[in-house]
Amino acid sequence: MLFIFSNATFAQEDLIINTYNRPSTSLSGNWNYIVDPYENGYYNYRHEPFDLQATPSKSAFFTNSKQESPSELLEYDFDSMDTIAVPGDWNTQKEKLFYYEGTVWYKKSFDYVFMEKQNRLFLYFEASNYKTEVYLNGKKLGTHVGGFTPFNFEVTNLIKDTNNYLVVKVDNKRSKEGVPTLSTDWWNYGGLTRDVKLVETSPTFVQDYFIQLDNYNSNKIKGYVTLNGEDKATKNIQIYIPELNIRKNIVTNINGKATFEIISKDIKFWSTKNPYLYTVHIKTDEENITDQIGFRSIKTKGKQILLNNTPIYLKGISIHEESPITHGRGSTLEDAKTLLNWAKELGCNYVRLAHYPHNEHMVRLADKMGILVWEENPVYWTIAWDNASTYANAENQLAEVINRDKNRASVIIWSMANETPTSPSRNQFLTKLATYTRAKDPTRLISAALEQSDYNGNKFVRTINDPFADVVDILSFNQYIGWYDGLPEKCSQISWVIEQDKPVLISEFGAGAKQGFHGDKNTRWTEEFQENLYVETLKMLENIEQLQGFSPWILVDFRSPRRVLPKIQDGWNRKGLISEDGKKKKAFFVLQNFYNNKN
Ligand code: GCU
């Protein structure tokens, strides 16, 4: 994908689908690194990028140069530097980098032997936060912006049998034009935060596919397959689903794309109670890709959300991507299992993955566990709505997560944004994102944490008068009555008037509590205060007749530089139902009891 923003061209290939199941070589492990706050390895002393030099100076870190004579002046040497683990953020791996925001250079040397001589090779990053510039053997592959979505570059003609050196510049500095922008309420973990791997493909390979149940015909599976390669036109492809005894033969058009429909009356639908996944093979004469796909329909009807045409109440919880094991950026299957098992124990059938796309383990495990998922684009708070490159960046990050997860049955909602102040340029920005999303994936629902306000000036009656409410499929909003807005007893004075004929999901409510701090329910930060907030809020929410569920804030305490109250917060947002060291607070059991008694 090639897109221009600011004054640079950023080039990366179209994303390869389902690398999760493809043969690949992980480059995880220890990489050398250089901390470079002045970007001294990228610019010369006149602040001109070494990239633009026809023959880059040896001072450019991406050349990975060595001193070749005793008199030579060279002021870096990757191989003599300390190492850092990939995947992983630098903040929690290196104490000196805990608050660091800037550039870190990574270097990995490796040999590579092709499995098949004529194959092609791609370098695939699952995520890197935030701006990433990639060089292989001194050649710039390209740049990626965005901290939570995958990207890849073809390296077929660059890779050598031995002594390859991969140099990656990662810069996590926040910026006003960024997505997210300068201000967030989470830790700005920097680095190669998810796996980096080499993906080998046949010369003409399965680049992309979308295989889904038709939302309006439960006997129909439909979609497309796209090939990449010189020999992609009029190619035979077979979609083989053994358990349904389906072998669908299709032929690609001149562009290497083939669409299809499969009719079967025997489909077992994926659901939260029975998360049935089919093994689906996409076979060409060069490849056999397998995926595990659940077939289900998701839509709204008036104020209801219908899963397989049956109304469902979303018993949810919000989750940040933070590891309960390392207390840094989460990325492993172990992290995903811990978080989603806690959600299951809470009685959830739904999770809101806030405020950005999480790692692929989360959505693939949710597929297996029968947990519905809200995935969110990090268009958070005060984005630069009038900046064209900000929009291009937001759209690209959305495109990348849709490309990665569009075959996941668990994913039912694409969230465009969180708590963004209304304005004409914000409404236009979000509407354009929603239009783009519907065109790219018409099978899922669109939402966002919208703005709410007093109803007709009555401060005891709340409503949603956000213009974006007319665009979304599901009305969602965050409300903090009892924490930021009065005390918990205020909940009993508040009612809600929602005028739109759409389902309502409350995307956040909650209160902070330091686990183990006890007192009476009016003492802020006690577990009893948080517990009472949940009791009073659940009573209030029961009066919103079109409420179809909610995802309280939040499953686990998480790091935030905004939260500095000594002995209580100490750099943690304490609204978790579970502390960062895995201890449940009293409010956990209030919500668990509510969900277990909710049919
Ligand atoms: C907001 C926001 C969250 C934040 C939470 C809080 O609603 O969406 O990202 O962490 O409130 O203040 O704890």
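This text walks through the domain layout of a predicted model, then the interface of domain 1 and domain 2, and finally the surroundings of Asp195 and Arg462.

The domain assignment divides the protein chain into domain 1, covering residues 2-201, domain 2, covering 205-286, and domain 3, covering 300-596. Taken over C-alpha atoms, the centres of domain 1 and domain 2 lie 35 Å apart. Their contact draws on 9 residues of domain 1 and 7 residues of domain 2.

The extent of this interface can be expressed as an area. In general, the size of an interface is often reported as the accessible area that is lost when the parts come together. Between domain 1 and domain 2, about 640 Å² is buried, and 48% of this area is on carbon and sulfur atoms. On the side of domain 1, Ile17, Arg22 and Arg120 contribute 58% of the area buried against domain 2, more than any other three residues.

The chemistry of the interface can be considered next. The rule finds 6 residue pairs in polar contact across the interface of domain 1 and domain 2, with both residues of each pair at pLDDT 80 or more. By class, the side of domain 1 that touches domain 2 comprises 4 nonpolar, 2 polar and 3 charged residues. Across the interface of these two domains, the rule finds 0 salt bridges.

Attention now turns to Asp195. This residue is located in the loop between strand S11 (164-171) and strand S12 (196-201). Asp195 counts as buried because its relative accessibility is 17%, and the cut-off for buried is under 20%. Its side chain is joined to that of Ser26 by a polar contact of 3.0 Å. Apart from residues up to four places away in sequence, Asp195 touches Ser26, Leu27, Ser28, Pro87, Tyr124, Phe125 and Glu126. Although Asp195 and Pro87 are 108 residues apart along the chain, their C-alpha atoms are separated by 5.0 Å.

The second residue, Arg462, is placed in strand S29, which spans residues 458-463. With a relative accessible area of 8%, Arg462 is therefore buried. The side chain of Arg462 makes polar contacts with two acidic side chains: that of Asp454 at 3.2 Å and that of Asp485 at 3.1 Å. Leaving aside residues up to four places away in sequence, the residues that Arg462 touches include Gln452, Ser453, Tyr455, Ile481, Lys490 and Trp496. Arg462 thus combines a buried position with side-chain polar contacts to Asp454 and Asp485.

Conventions:
Residues numbered from 1 in each chain as written. Predicted model: local features only at pLDDT ≥ 70, side-chain atom pairs only at ≥ 80, totals over all residues. Heavy atoms only, no water. Domains from an automatic or database assignment. Contact = heavy atoms within 4.5 Å. Buried area = accessible area lost by both parts, 1.4 Å probe. Salt bridge = Lys/Arg side-chain N within 4 Å of Asp/Glu carboxyl O. Polar contact = N/O pair within 3.5 Å; in protein donor to acceptor, adjacent residues only side chain to side chain. Nonpolar A, V, L, I, M, F, W, Y, C, P; charged D, E, K, R; others polar. Helix = DSSP H or I, 4+ residues; strand = E, 2+ residues; numbered from the N terminus. Buried < 20%, exposed > 50% of the residue type's maximum accessible area, 1.4 Å probe, protein only.
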